[in-house]
Amino acid sequence: MSQVTINLPNALQAQLEQQAASEQKSLEQVVLERLGAVPAVEPDPLKERYEEFVRTSGLFYIPTEEEKRQYTPVSEERLRELAAKLGKAGPLSEVIIEDRGEW
């Protein structure tokens, strides 16, 4: 069994202690009963339907794990460099041609 420490507002603690005393239970028992009564979080059915649609519709390209490993994301520094170039540059085609020459 694991242990969790919870900071409760004084009023809530007093209420739980009062309930425990009236039911002749420990504070821990009352808290565990209350926590056990909280319904489990069910997965969002709409989200699952969307995910199923994306997988089965054929309208979206989902890269394989191998493809994901093949490409490395652009670093934050490189993104800043490109944003600075675009901010001060003329036509985008010239920026692309200039950028290709740096590689």
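A pocket is an open set of grid points with protein on both sides within 12 Å along at least five of seven lines. In the predicted model described here, the largest pocket holds about 510 Å³ of space. Its lining is made up of 15 residues, and those lying nearest the centre of the pocket are Val4, Ile6, Glu28, Val31 and Leu35. Two elements, helix 1 (10-22) and helix 2 (27-36), each give two or more residues to this lining. Helix 2 gives the most, with six residues. By residue class, the lining of the largest pocket comprises nine nonpolar, four polar and two charged residues.

Confidence was considered for the chain and for its elements. The mean pLDDT of the chain is 85, and 98% of the residues score at least 70. Among the elements, helix 1 has the highest mean pLDDT, at 93, whereas the lowest, 76, belongs to helix 6 (residues 92-102).

Gln19 is a residue of helix 1. Its relative accessibility is 18%, and Gln19 is therefore classed as buried, the cut-off for that class being under 20%. When neighbours within four places in sequence are set aside, the contacts of Gln19 are with Val30 and Arg34. A second glutamine, Gln24, is placed in the loop between helix 1 and helix 2. Gln24 has a relative accessible area of 76% and so counts as exposed, since that class begins over 50%. The backbone of Gln24 has a positive phi of about 55 degrees, although the residue is not a glycine. Most residues other than glycine have a negative phi.

One aromatic pair is present in the structure. The pair is formed by Phe53 and Phe60 in an edge-to-face arrangement, with 6.1 Å from centre to centre and 75 degrees between the planes. The arrangement is assigned as edge-to-face because the planes are over 60 degrees apart. Phe53 is partly exposed, at 43% relative accessibility. Phe60, with a relative accessible area of 45%, is also partly exposed.

Phe60 was further considered in relation to helix 5 (76-88). Leu82 lies in helix 5, and the C-alpha atoms of Leu82 and Phe60 are separated by 28 Å, the two residues being 22 apart along the chain. With a relative accessibility of 28%, Leu82 is assigned to the partly exposed class, because this value falls between the limits of 20% and 50%.

The loop between helix 5 and helix 6 contains Ala89. Ala89 has a relative accessible area of 32% and is likewise partly exposed. Between the C-alpha atoms of Ala89 and Leu79, which are ten residues apart along the chain, the separation is 15 Å.

Conventions: Residues numbered from 1 in each chain as written. Predicted model: local features only at pLDDT ≥ 70, side-chain atom pairs only at ≥ 80, totals over all residues. Heavy atoms only, no water. 1 Å grid on protein atoms, 1.4 Å probe; cavity = no way out; pocket = protein on both sides within 12 Å on 5 of 7 lines; lining within 4 Å. Points joined across faces, edges and corners; volume = space filled by probe spheres on them. Helix = DSSP H or I, 4+ residues; strand = E, 2+ residues; numbered from the N terminus. Nonpolar A, V, L, I, M, F, W, Y, C, P; charged D, E, K, R; others polar. Buried < 20%, exposed > 50% of the residue type's maximum accessible area, 1.4 Å probe, protein only. Contact = heavy atoms within 4.5 Å. Phe/Tyr/Trp six-rings, centres within 6.5 Å; stacked < 30°, edge-to-face > 60°. pLDDT = per-residue confidence, 0-100.
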